[in-house]
Amino acid sequence: MTKDSQIAPASSGKKARVLLALLPLLAFAGFAAIAAKMLYEQDVNGLDVSAIPSALINTKAPSLALPPLEGSGLPGLTDAVIKDKVTLVNVFASWCVPCRQEHPMLKEISKDERLNVVGINYKDKSDNALRFLGELGNPYDAIGIDPNGKAAIDWGVYGIPETYLVGKDGTIVYKKVGPIDAATYERDLIPAIERAIAGD
């Protein structure tokens, strides 16, 4: 065996170790570049990074058969409740801090009589949900409870609050992840509602 053949394996082993050591750094750099691009798009181009694309957009809304929130005096959330109506489906819970932040906006939105505003109460205790609505007011025409989160999975929920706009034909036309604020409402939701009402 020559001296060169003894050195080569050790040299290639060292290169492999260096590459392995660099992998986490390269992965971090990739994530940082993606985050920087999102921040740039948000700051410069006004991109709403919370408007996560959904595979359900322009598809039929998942079937609904959720029991009512006992004590709310409202019906549960079923297909019949949203049929032939432009409907805003809001996924909320009493334990969700951003849900509390967006609630005044939902109350404003619910004043639009052309719109059917309904709620999916996600992994919540009924007593807590009733207290939440008693304290902040109730913007919903119907509330269905989803104690184990199955309906939320069907709807592709990432994290609450989430809101979906469903057209008269039962097609999901808009999705918002995170709380709706005045800017989102004016810029994104109002045009989507107008299009859905016009049947576009």
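**A quick tour of the core and its surroundings**

The largest nonpolar core here takes in 45 residues, and the ones with the most contacts inside it are L77, W155, L165 and L189. Helix α6, spanning residues 182-198, is the top contributor to this core, giving 5 residues. Keep in mind that you're looking at a predicted model.

**Around the core**
- Take L77 as a way in: leaving aside residues up to four places away in sequence, L77 touches L64, A65, L66, I82, V118, G119, I120, A142, I143 and G144.
- As a rule, nonpolar side chains in soluble globular proteins tend to be buried together.
- Of the 200 residues in the chain, 38% are buried.

**Overall layout**
- The chain has 6 helices and 7 strands.
- Follow the sequence and you'll meet them in the pattern α-β-β-α-β-α-β-α-β-α-β-β-α.
- Among contacts with a separation of 6 or more, 73% link residues 24 or more positions apart.
- About 11,400 Å² of the chain is exposed, with 61% of that supplied by carbon and sulfur atoms.

**How far to trust it**
- Mean pLDDT for the chain comes to 84, and 76% of the residues reach 70 or more.
- Residues 1-7 stay under 50 in pLDDT, and the model gives them 1 contact beyond four places in sequence.
- Residues 38-52 also have pLDDT under 50 throughout, with 16 contacts beyond four places in sequence.
- Where pLDDT is low, don't read the predicted coordinates in detail.

How values were computed
Residues are numbered from 1 along each chain as its sequence is written. This is a predicted model: local features need pLDDT of at least 70, side-chain atom pairs count only at pLDDT 80 or more; totals for chains, interfaces and linings use all residues. Side-chain values use heavy atoms; hydrogens and water are left out. Helices (H or I, at least four residues) and strands (E, at least two) are DSSP runs, numbered from the N terminus. Buried means under 20% relative accessible area, exposed over 50%, partly exposed in between (1.4 Å probe, protein chains only). Contact means heavy atoms within 4.5 Å. Accessible areas come from the Shrake-Rupley method with a 1.4 Å probe; for residues, only the protein chains shown count as cover. A nonpolar core is a set of buried Ala, Val, Leu, Ile, Met, Phe, Trp, Tyr and Cys residues joined through side-chain atoms within 4.5 Å. pLDDT is the predictor's confidence in each residue, from 0 to 100.
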